[in-house]
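Q: Please take a close look at one salt bridge and its surroundings in the structure shown here. I am new to this structure, so a connected account that then places that part within the whole would be welcome.

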Amino acid sequence: MQAGSYTVRYQLIPANGTLAKSGKWQKLGPEGQYELVHSRFPQDTALTFQRDVQAFVFKAMLLAERLGVDALPHFSALVSDVQLAAQRFQVVEERIEAAAERAREQENAALAQSSIKLDQYPETFIAAHRMVRRFIAVLGPTNSGKTHRAMQDLAQAASGVYLAPLRLLALENFERLEEQGVAVSLITGEEQRLTPGATHVASTIEMLNTRRVVEVAIIDEIQMLDDPDRGSAWTAAVCGAPAERVYLVGALNARPAIEALARRLGCPLEIIELERKSPLTLEPQPVRSMGNLRRGDAVIAFSRKDVLYWRDQITAAGLSVATIYGNLSPEVRRAQAKRFREGEADVLVGTDAIGMGLNLPVSRIVFTTAEKFDGKEETVLEPWLAQQIAGRAGRYGMHEAGFVSGFDDGTHRLLKRLLKARIDPLRDTGFKVAPSLDQLQQISRATGEQGLEKLLKLFARNIDVSDDFFIPANLAEQVERAAWLDVLPLQLADRLMLSLVPISTRIPRLSDALMGWARGLAKQQRMPLQQENWRHARFPLQAAEDACKCYSAYAWLSYRKPEYFPDGEAAVELARRVSVEIDAMLQAQNARVRPQRRSRDAKPQQQRRSRHKQG
């Protein structure tokens, strides 16, 4: 068939072109098949079908012209022995549309690459870029006094900011500054305590104000530059903290990364390396039994379920327990830590949540396992994590030395190897960058793309990364949220905000809450805070923990959109109340499991005396 200057071959079955079942067709032979075709498909029908095919070809060519692609390669789909013409027409159209989509993606990729150049990322932080900044890296192992040294300068400075990886650490150092008479505000994603005339701020790292110039900034746990999920916040803080002196506080293995960043940013760098203040010793034998646990121990497990199991086992053995794990709110973790610190609890049972900066009087760290679930399977702990947790033993000023042990023989052997292992230095390239609203809008203007999902993908895959010094962060979870946010009539800024709400969409109740807030915002509705009915849940402790997270997420939204989420202060207060009840539930559970004091045989009495002497 001729179509303009093209010849288009086709071999198709018309809608009325079914002649016979395959078995009957084969039995007819060539002459019988010829006669059947002519009897059921006369000349006028053939001409009509030819005109139908020709009309489709012209239609497809117009579609391809409108979409800016060549139609001819896709007409090969019109050659088929088994499908009706209408089905093959649809295949051709789909291939043309797919080719147009590929061409548009390639064009958008090129436009995105030219619109954002990550080697210019530091220049986007205008205040810091215009300043003469000096970096001071204070590096050392756990319990070497790193943060204390930096905080001394911060407290004496005329203005400053402390940036923490955790809300609880921001709160601890907020109170530390308050105790020294510093006018300081606390700013986290979920809570703000604003002090009139405050000269200092203690905040979580994501809440850094890059426009407020200060004398001193402290970026704590600087080794988290390498964190796959949150590393971009540390990159942003190093590049954007507008302070005359920027303290980079953390582990020794962060040195190569810090040196590379200082060179790239043109900032003079002073490095102070500190040694651990108290010795840390691996005990010669594993603990092996509950009776060998003693006051001042911190027992480490790596899941909420395991923490509660070990708590029950230890309380049944006669020791009182404080409990810390990641799903607890900062207020509950703090209350539990206080019980341990003040001697109300004999033993602390926790996850690796205790490994980051908590000020605890731990004498000995006991690992129940040296393996942790990484989302796919149980794997041996990374040496840096094992060493960071172990280093919490023997807090300087509280104990003369710290001790570490595995509970069983296998864990103890693994631990011995992990504590001796060399920790790999952080890379000096590949610093992660998360897209800002300005950058996404820039890509949108360049490409015409409006969907957050596609804009995030364009940022992640196609922007100009030049020498790979700065690279896009892992945006997989954010892209997943963006896919369903894009179906709502929301501004790009609101979709981006909702994609970042600190709430787990893996928990059905929390996912439902986020979706409800998104739909309400799309309708521009005011959304009063809904109280969670957690007391009547099948598992009230878990439900209360989820309620706390829900209230905190509402407060996070309230600070950003108070006109639609008006009850932010009430959410913070409710989170505090539920936290108190969670703490009470944990204590009540401990009391139920713990046996009444009673006379025991000579061996347990001897063990108790031994624990008392060692504790």
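**A salt bridge and its surroundings**

A: Glutamate 270 has a relative accessible area of 36%, and it is therefore classed as partly exposed. The model in which this residue is described is a predicted one. The partner of glutamate 270 is arginine 134: the two residues form a salt bridge whose closest N and O atoms are 3.3 Å apart. The place of each partner explains what this pair joins. Because glutamate 270 belongs to strand E12 (residues 269–273) and arginine 134 to strand E5 (residues 134–139), the salt bridge ties together parts that are 136 residues apart in sequence. Arginine 134, with a relative accessible area of 34%, is also partly exposed.

Both strands return when one turns to helix H8, which spans residues 255–265. The buried residues of helix H8 are Ala257, Ile258, Ala260, Leu261, Ala262 and Leu265. E5 and E12 are included in what covers these buried residues. The cover also includes helix H7 (231–240), strand E11 (243–250), strand E21 (431–433) and strand E22 (470–472). Just after H8 comes glycine 266, which takes a positive phi of about 70°.

A positive phi also occurs in the loop that links E5 to helix H5 (146–156), where asparagine 143 is placed. The phi of asparagine 143 is positive, at about 70°, although this residue is not a glycine. Most residues other than glycine have a negative phi. Asparagine 143 has 9% relative accessibility and therefore counts as buried, the cut-off being under 20%. Arginine 288 offers another case: its phi is positive, at about 75°, and it is not a glycine either. Arginine 288 is found in the loop between strand E13 (280–282) and strand E14 (297–300). At 44% relative accessibility, arginine 288 counts as partly exposed.

The pair of glutamate 270 and arginine 134 belongs to a wider set, for the structure holds 31 salt bridges. Two further pairs may be set beside it. In one of them, the side chains of aspartate 424 and arginine 422 meet with a distance of 3.8 Å from N to O. Aspartate 424 is exposed, having a relative accessible area of 55%, and arginine 422 counts as exposed at 65% relative accessibility. In another, aspartate 486 forms a salt bridge with arginine 495, and the closest N and O atoms are 2.7 Å apart. Here aspartate 486 is partly exposed, at a relative accessible area of 25%, whereas arginine 495 counts as buried at 8% relative accessibility. Salt bridges may also share partners: such sharing joins Arg167, Glu191, Arg193, Glu331, Glu573, Arg576 and Arg577 into one network.

Two separate positions illustrate distances along the chain and in space. Alanine 483 lies in helix H15 (residues 476–485) and is partly exposed, with a relative accessible area of 33%. The C-alpha atom of alanine 483 is separated by 8.7 Å from that of lysine 454, although the two residues are 29 residues apart along the chain. Valine 8 is found in the loop between strand E2 (6–7) and strand E3 (11–13), and it is buried, with a relative accessible area of 2%. From valine 8 to proline 425 there are 417 residues along the chain, and their C-alpha atoms are separated by 62 Å.

The chain as a whole provides the setting for these details. It contains 20 helices and 22 strands. Along its principal axes, the C-alpha trace spans about 105 × 65 × 50 Å. The radius of gyration of the chain is 32 Å, whereas a compact globule of 615 residues would have one near 25 Å. Of the 615 residues, 49% count as buried. Among contacts between residues at least 6 apart in sequence, 74% join residues at least 24 apart. The accessible surface of the chain comes to about 30,400 Å², and 49% of this surface belongs to carbon and sulfur atoms. Lastly, the chain has 81 positive and 74 negative charges, whose mean positions are 6 Å apart.

Methods. Residues are numbered from 1 along each chain as its sequence is written. This is a predicted model: local features need pLDDT of at least 70, side-chain atom pairs count only at pLDDT 80 or more; totals for chains, interfaces and linings use all residues. Side-chain values use heavy atoms; hydrogens and water are left out. A salt bridge is a side-chain nitrogen of Lys or Arg within 4 Å of a carboxyl oxygen of Asp or Glu. Helices (H or I, at least four residues) and strands (E, at least two) are DSSP runs, numbered from the N terminus. Buried means under 20% relative accessible area, exposed over 50%, partly exposed in between (1.4 Å probe, protein chains only). The radius of gyration is taken over C-alpha atoms; the globule rule is 2.2 Å times the number of residues to the power 0.38. Contact means heavy atoms within 4.5 Å. Accessible areas come from the Shrake-Rupley method with a 1.4 Å probe; for residues, only the protein chains shown count as cover. Lys and Arg count as positive and Asp and Glu as negative; His and the chain ends are not counted. The place of a charge is taken as NZ of Lys, CZ of Arg, CG of Asp or CD of Glu.
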